[in-house]
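Me: I am new to this structure. Please take one part of it and describe that part closely, in connected prose.

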Amino acid sequence: MTEWFEDESLWIETYPYMFSPSRIAAAEEEVEPLLRLVGIEPQSILDLCCGPGRFAIPLARRGYRVTGVDRTAFFLDKARERAAAANVEVEWVQEDMRTFARPCAFDLALSMFTSFGYFEDKDEDLRVLQNAFESLRPGGALVMDVVGKERLARSFQPTSSRKYADGSVVIDRREVLDDWTRIRMEWTIIRGNDVRVYTVHHTVYSGQELKDRFTAAGFADVKLYGSIDGAPYGLEADRLIVVGRKLAP
Ligand SMILES: C[S@@+](CC[C@H](N)C(=O)[O-])C[C@H]1O[C@@H](n2cnc3c(N)ncnc32)[C@H](O)[C@@H]1O
């Protein structure tokens with residue numbers, strides 16, 4: 001059975017909304033705070049589920065050796081085009097996050113913009129963390145950015161809609177499933193007479209649940225933040241940022 005994230009048309013149709021110029025620009029701004037937060041000077045960086053290279057490209061521009069991994073060919077094509085325009089070299093790998101592992105190859109691994117929790121079987125989420133752990137050198141760190149369960153519960157809206165400058169409208173319907181472990185989102189994209197509906201579902205982790213998962217995968221000194229600037233993961237937090245480290249033996 002195909003899983004929702006294997007449907008390339010979903011990523012193609014939602015690209016203009018998910019990766020607006022302002023969202024691409026936001027990643028450029030987040031690179032420096034991200035490096036400060038993690039506090040290491042990496043040689044090589046893994047951008048897991050890199051999409052169109054929002055983080056991989058600005059990091060490569062700063063001179064880091066970057067590998068971007070994603071399963072969606074459409075995104076890797078976009079990423080290649082954007083890297084060529086920026087005149088930077090990035091290694092792009094088309095692979096599933098459940099299988100990609102390159103032992104002791106990276107000092108820093110990233111999983112940004114809610115690229116985690118996609119699998120019904122939560123052991124597969126753990127496998128992704130174990131792969132990232134295995135791919136890090138001792139002293140390296142994984143940084144993950146998702147929306148935490150606490151934030152979602154605080155501001156949950158079953159339905160919302162957005163109108164875009166080109167006249168298109170996107171309606172989001174959200175449903176909490178399985179005792180607050182999964183969320184199902186239905187995106188309806190209306191462009192003139194063209195209507196497309198996509199359904200996405202993923203696991204939502206609380207801060208503590210994600211911390212426990214990191215620890216189960218081998219990470220130590222796992223810290224939670226509410227923003228990439230290192231704000232506390234408190235009531236006001238918009239994001240859940242997790243930093244886990246692979247300690248030197
Ligand atoms: C919300 S986007 C985030 C992209 C990027 N991290 C960013 O910050 O812009 C999620 C990405 O995960 C990728 N993805 C989804 N399922 C995947 C899987 N099983 N293995 C690898 N990549 C996957 C998608 O192709 C998409 O690029």
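Reply: Two residues are in contact if their C-beta atoms, placed from the backbone, lie within 7 Å. The model is predicted: local features need pLDDT of at least 70 and side-chain atom pairs count only at pLDDT 80 or more, while totals for chains, interfaces and linings use all residues. Residues are numbered from 1 along each chain as its sequence is written.

The part chosen here is the surroundings of Ala 56. Beyond its neighbours within four places in sequence, Ala 56 is in contact with Asp 47, Cys 50, Val 66, Gly 68, Ala 79 and Val 90. Ala 56 also belongs to the largest nonpolar core (buried Ala, Val, Leu, Ile, Met, Phe, Trp, Tyr and Cys residues joined through C-beta atoms within 7 Å), which has 55 residues. Within this core, Ala 56, Ala 109 and Leu 110 touch the most other members. Strand β5 (residues 136-146) supplies the largest share of the core, six residues.

Ile 24 gives a second view, from helix α2 (residues 21-38); helices (H or I, at least four residues) and strands (E, at least two) are DSSP runs numbered from the N terminus. Why is Ile 24 classed as partly exposed? Ile 24 has 16 other C-beta atoms within 10 Å, and a residue is buried at 20 or more, exposed at 12 or fewer, and partly exposed in between. Apart from neighbours within four places in sequence, Ile 24 is in contact with Phe 19 and Arg 54. Phe 55 lies 31 residues from Ile 24 in sequence, and their C-alpha atoms are 8.6 Å apart in space.
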